[in-house]
Amino acid sequence: MLKEFKEFALKGNLVDIAIGFVMGAAFKQVVTSFTGGIVSPLIGLVFKADFKDLKWIAREADTSNNISEVAVLYGDFITNVIDFVIVAFVMFIIIKGINATKKKEAPAAPALPAGPTQEELLEEIRDLLAKK
C-alpha cells in the first residue's frame, strides 16, 4: 500500500497540480494587493469614499445597551469580485497562450485505397493463363 501511495503521490500530474496550487495562492496575494492598494483607492476617488468602507448599516451600534452594529459590507464583496475577475482573466490569457504554443496535430495521412484481394489477384492470374 505504501508503494502504491508513493507512485500516486509522485506522478507528474499530481506534482503539477501542487505547483499550480502554490503558484495560484501566491498570485492571489499579488492580485489582492493590487486591488486593495491600487484599484480600490482609484474607485474610491470616483465614489468619494474608501471602497473597502462601503457598507449598508442595517442597525446602528448602541454602546449604552452594548449592541454592536449590523452592516452589510458590500465594498469587501465588490473588491473580492474584482479580485476574481482579474485572476480569471489572467488564467484565461495563460491558458490561451499555452494552447497557442501546443503543436497542432498533423492531420492523419489519408488511408491508402484498398487494393485487390487475394482472390481477385488469383482470378486475374487464372484468366491470364486461360488466354494463352
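Helices here are DSSP runs of H or I with at least four residues, strands are runs of E with at least two, and both are numbered from the N terminus. With that naming in hand, Ala 108 can be placed in the loop between H3 and H4. Please keep in mind that this is a predicted model.

**Ala 108, Phe 89 and Gly 36**

Ala 108 counts as exposed because its relative accessibility is 71%, and exposed means over 50%. Along the chain, Ala 108 and Asp 16 are 92 residues apart, and their C-alpha atoms lie 30 Å from each other in space.

Phe 89 belongs to helix H3, which covers residues 74–101. Is this phenylalanine buried or exposed? Phe 89 is exposed, with a relative accessible area of 52%. From C-alpha to C-alpha, Phe 89 and Asn 13 are 24 Å apart, with a sequence separation of 76 residues.

Gly 36 sits in helix H2 and is partly exposed, since its relative accessibility is 29%. Which residues does Gly 36 touch, once its neighbours within four places in sequence are set aside? The contacts are Pro 41 and Lys 52. Thr 101 is 65 residues from Gly 36 along the chain, and 34 Å separates the two C-alpha atoms.

**Patches on the surface**

Leu 2, Phe 5, Phe 8, Leu 14 and Ile 17 together make a nonpolar surface patch of about 560 Å². Which helices supply at least two residues each to the nonpolar patch? They are helix H1 (2–9) and helix H2 (12–47). H1 gives the most, with three residues. One of the patch members, Ile 17, is found in helix H2. Ile 17 counts as exposed because 57% relative accessibility is above the 50% limit.

There is a charged patch as well. Glu 119, Glu 120, Glu 123 and Glu 124 form a negative surface patch. Of these, Glu 123 can be placed in helix H4, residues 118–131. With a relative accessible area of 42%, Glu 123 is partly exposed. That value lets Glu 123 qualify for a patch on accessibility, because patch residues need over 30% relative accessible area.

**Salt bridges**

How many salt bridges does the structure hold? The number is two. One joins Lys 55 to Glu 69, with the closest N and O atoms 3.0 Å apart. This pair links distant parts of the chain: Lys 55 is in the loop between H2 and strand S1 (56–59), Glu 69 is in the loop between S1 and strand S2 (70–72), and their positions lie 14 residues apart in the numbering.

Asp 127 and Arg 126 form a salt bridge too, and here the closest N and O atoms are 3.4 Å apart. Both distances fit the rule because a salt bridge needs a side-chain nitrogen of Lys or Arg within 4 Å of a carboxyl oxygen of Asp or Glu.

Here is how accessible each of the partners is.

| Residue | Relative accessibility | Class |
|---|---|---|
| Lys 55 | 36% | Partly exposed |
| Glu 69 | 33% | Partly exposed |
| Arg 126 | 52% | Exposed |
| Asp 127 | 39% | Partly exposed |

Asp 127 is partly exposed because 39% falls between the 20% and 50% limits. Its partner Arg 126 counts as exposed, at 52%.

**A backbone angle to look at**

Most residues other than glycine have a negative phi. What is the phi of Asn 66? It is near 60°, a positive value in a residue other than glycine. Asn 66 lies in the loop between S1 and S2; Glu 69 of the salt bridge with Lys 55 is also in the loop between S1 and S2. Asn 66 counts as exposed because its relative accessibility is 72%.

Definitions and conventions. Residues numbered from 1 in each chain as written. Predicted model: local features only at pLDDT ≥ 70, side-chain atom pairs only at ≥ 80, totals over all residues. Heavy atoms only, no water. Patch = residues over 30% accessible without salt bridge, like charges linked within 9 Å, V, L, I, M, F, W, Y side chains within 5 Å. Areas by Shrake-Rupley, 256 points an atom, 1.4 Å probe, with all protein chains shown as cover. Lys, Arg positive; Asp, Glu negative; His and termini not counted. Charge placed at Lys NZ, Arg CZ, Asp CG, Glu CD. Buried < 20%, exposed > 50% of the residue type's maximum accessible area, 1.4 Å probe, protein only. Contact = heavy atoms within 4.5 Å.
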